[in-house]
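Reader: Before I use the terms for this model, I would like to see how each one is earned. Please take me through them.

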Amino acid sequence: MRRIYMSSNNTLLEEKSKAARKSLLKVVHHAGAGHIGGPLSAIDVLTALYFKEMNVEPTNPYKVDRDRFVLSKGHSAIGLYAVLAEKGYLDQKELYTFDSLDSRLQGHPDMKILPGIEMSTGSLGQGISAAVGMALGAKVQDQSFRTYCMIGDGESQEGQVWEAAFIASKYELDNLVVILDYNKLQQYGWVGTNTERAVPNDLVEEKWESFGWNVIRIDGHSFEDILEGFRQAKLVKQKPTILIADTVKGKGISFMENNYLWHSRIPTDEELSLALKELDESGDL
Amino acid sequence: MQASQLKTASMRDSFSETLYQLAVNDPRVFVLDGDLATSTKIEKVAKECPQKFLQMGIAEQNMLSVAAGLATTGLQPWAVTFAAFMSKRALDQIQVQIAQPKLNVKMIGAYSGLLTGVTGKTHQALEDIAIFRSLANMTVLAPADSVETAKMMEWANQYDGPVYIRLARDNYPILFDDSYVFKPNKGVVLNEGTDLTIISTGTATSRALEAAKILKQNNISSAVVHLPSIKPIDQELIIEMAVKTKAIVTVEEHSIYGGLGGAIAEILAANAPTPIEFVGVKDRNSESASNEALLEKYEISTKYIVEAGQRVNLRKNSDFN
């Protein structure tokens with residue numbers, strides 16, 4: 001897998017995703033709560049969506065023709081908040097209200113209180129269905145906006161994901177792009193670490209193809225791959241597209257990468273300092 | 001008039017016709033089916049207005065989440081399935097994506113209660129009122145007849161927010177005429193009385209009216225209040241009737257736990273403690289059988305309403321009520 005931060009073509013995206021990584025680490029450390037591993041695997045795709053792919057305006061967050069994004073794996077909320085803050089939907093300092101009373105930054109995204117959040121999620125399997133509803137709503141009303149949705153591989157154990165997959169295909173939702181954050185780990189490490197206990201997670205491409213989807217496999221940490229995936233999705237008609245994004249849980253922080261214990265562990269002061277240093281920050285707290 | 005002498009009509013037909021009219025006339029309205037269109041009769045929309053009909057397959061969880069997504073785009077989805085599946089199978093989706101964000105989704109629980117066409121306990125819904133009224137932002141309605149069904153749906157269509165309507169499968173006496181105006185938060189006094197008040201919801205109201213007639217023959221004067229809106233609920237009228245008659249019987253085709261009776265008990269315990277008898281399905285599971293057999297075995301027929309009226313009338317006049 002290609003290393004991130006090395007490409008010269010996407011400087012802005014690299015800067016933004018790095019900044020969002022720093023923010024989410026600091027916020028989770030500050031709040032003493034939240035997830036880290038999943039947001040770190042998701043954040044490059046989120047950055048590409050908000051800074052390159054989607055038609056959105058933070059100053060006009062409810063404009064009718066905006067593209068929609070649904071974070072179906074809602075527990076990666078802090079990753080999304082960090083990107084929304086970079087984009088200008090909220091102040092950096094508001095990030096530090098995460099998970100506290102009266103905050104707009106709930107542990108799981110709440111569409112009613114934070115502009116930019118298009119659907120309340122957190123109970124897994126539901127967001128993709130809502131995204132199907134949005135894409136279907138665009139179709140039947142002849143509206144041109146596109147709908148994007150990120151799901152997790154652990155989340156894909158929910159049967160509702162496949163109910164949604166079936167309906168998206170039935171209604172030929174070529175205005176829908178789902179990104180699978182395929183980091184191959186979940187909270188208790190089932191997907192990739194222990195083959196005896198693993199939930200079957202192979203043949204992912206075949207599964208989605210058999211549901212009638214346009215399947216594109218990408219490196220979920222390569223901006224070239226991600227943007228090319230989005231570009232190719234637009235070329236395919238009468239089929240929804242899934243980008244199967246190979247990602248690394250904990251991506252960007254060496255001692256967090258591929259360690260399921262960092263699903264929702266809170267870094268100590270020392271760990272935070274080490275992590276920030278890896279992101280080229282001084283590490284001073 | 002005794003309810004059994006009244007003309008009956010199909011609640012399903014009324015529902016189907018009204019939904020068809022809404023779909024034709026309101027560009028926002030789309031109808032979502034969980035592959036029960038022949039049972040619920042929304043096939044009329046599918047056949048005559050197919051562009052407004054969305055087949056979601058046998059996947060209720062996805063159907064309700066899709067409805068939420070559609071609602072965010074400015075549409076007004078009407079999701080239709082059996083009450084059992086709406087209230088239990090899709091509950092988490094409804095809470096997280098419809099009730100909490102207060103999205104404009106109308107949820108139809110067809111085939112509610114016990115009388116679901118010999119389908120048995122998997123298809124009966126005896127918990128849906130309790131479940132839906134415990135959800136913040138939710139409106140919970142249950143019409144008594146075909147006329148009220150149509151009026152209620154027209155109201156729901158112009159209301160901005162989630163609404164659950166519990167419908168019945170079979171034909172029921174027509175209690176209202178076209179001049180009837182449905183108002184949420186308002187009960188309807190169908191019969192005046194002085195000794196006790198029978199409060200009912202949904203199609204149980206026709207049996208409540210019959211029971212009042214029989215009680216009158218036994219020299220017990222019973223008021224009958226129909227509550228088509230369980231949430232919001234007409235607290236003022238409930239308290240007024242409790243204070244006036246000093247005895248209450250609640251009647252519902254639902255579990256005695258957490259439904260109409262529970263809602264009324266909560267209000268009266270806090271405002272006007274009054275003896276109450278609860279007519280509803282006790283703490284047990286049901287089965288498939290004829291309507292008459294089920295009403296008897298599960299103790300919700302007219303006879304049981306009459307007995308509850310007699311009991312509460314005795315209690316109100318005793319020192320230990």
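Author: What follows sets values against definitions, starting with the conventions. This is a predicted model, in which local features need pLDDT of at least 70, side-chain atom pairs count only at pLDDT 80 or more, and totals for chains, interfaces and linings use all residues. Residues are numbered from 1 along each chain as its sequence is written, and chains are lettered from A and ligands numbered from 1 in the order in which they are written.

Reader: What makes a residue part of the contact between chain A and chain B, and how many residues does each chain give?

Author: Two residues are in contact if their C-beta atoms, placed from the backbone, lie within 7 Å. The contact takes 24 residues from chain A and 21 residues from chain B. On the chain A side, helix 4 (126-140) and helix 5 (159-170) each supply at least two residues; helices (H or I, at least four residues) and strands (E, at least two) are DSSP runs, numbered from the N terminus. Helix 4 of chain A gives the largest share, 11 residues.

Reader: How do you know which residues on that side of chain A count as nonpolar, polar or charged?

Author: Ala, Val, Leu, Ile, Met, Phe, Trp, Tyr, Cys and Pro count as nonpolar, Asp, Glu, Lys and Arg as charged, and the others, Gly among them, as polar. By that rule the side of chain A that touches chain B has 12 nonpolar, 9 polar and 3 charged residues.

Reader: Why are strand 1 and strand 4 of chain A said to stand at the edges?

Author: Two strands pair if DSSP finds at least two bridges between them. The open sheet of chain A has 5 strands in the order 1-2-3-5-4, with parallel pairing. Strand 1 (68-71) and strand 4 (214-219) of chain A each have a single partner strand, so one side of each is left without a neighbour in the sheet. Strand 1 and strand 2 (147-152) of chain A pair over 4 bridges, in the parallel sense, and Leu71(A) stands opposite Met150(A) there.

Reader: Which strands does helix 4 of chain A lie across, and at what angle does it run to strand 2?

Author: Axes are lines fitted to C-alpha atoms, for helices over the stretch in contact, and angles run from 0 to 180 degrees between N-to-C directions. Helix 4 of chain A lies across strand 1, strand 2 and strand 3 (176-182) of chain A, and runs at about 165 degrees to strand 2.

Reader: What makes strand 4 of chain B mostly covered?

Author: A residue is buried if 20 or more other C-beta atoms lie within 10 Å of its own, exposed if 12 or fewer, and partly exposed in between. In strand 4 (76-82) of chain B, 7 of its 7 residues are buried, and it is therefore called mostly covered. This strand runs parallel to strand 2 (29-33) of chain B, joined by 5 bridges, with Asp33(B) and Val80(B) as bridge partners. Another 5 bridges join strand 4 to strand 5 (106-110) of chain B, also parallel.

Reader: Why is the largest nonpolar core said to lie between two domains of chain B?

Author: A nonpolar core is a set of buried Ala, Val, Leu, Ile, Met, Phe, Trp, Tyr and Cys residues joined through C-beta atoms within 7 Å. Of the 191 residues in the largest one, Val132(A) and Leu32(B) touch the most other members. Domain 1 (8-173) and domain 2 (188-316) of chain B both give residues to this core, so it lies between them; the bounds come from an automatic or database domain assignment. Leaving aside neighbours within four places in sequence, the contacts of Leu32(B) include Leu54(B), Met56(B), Trp78(B) and Val80(B).
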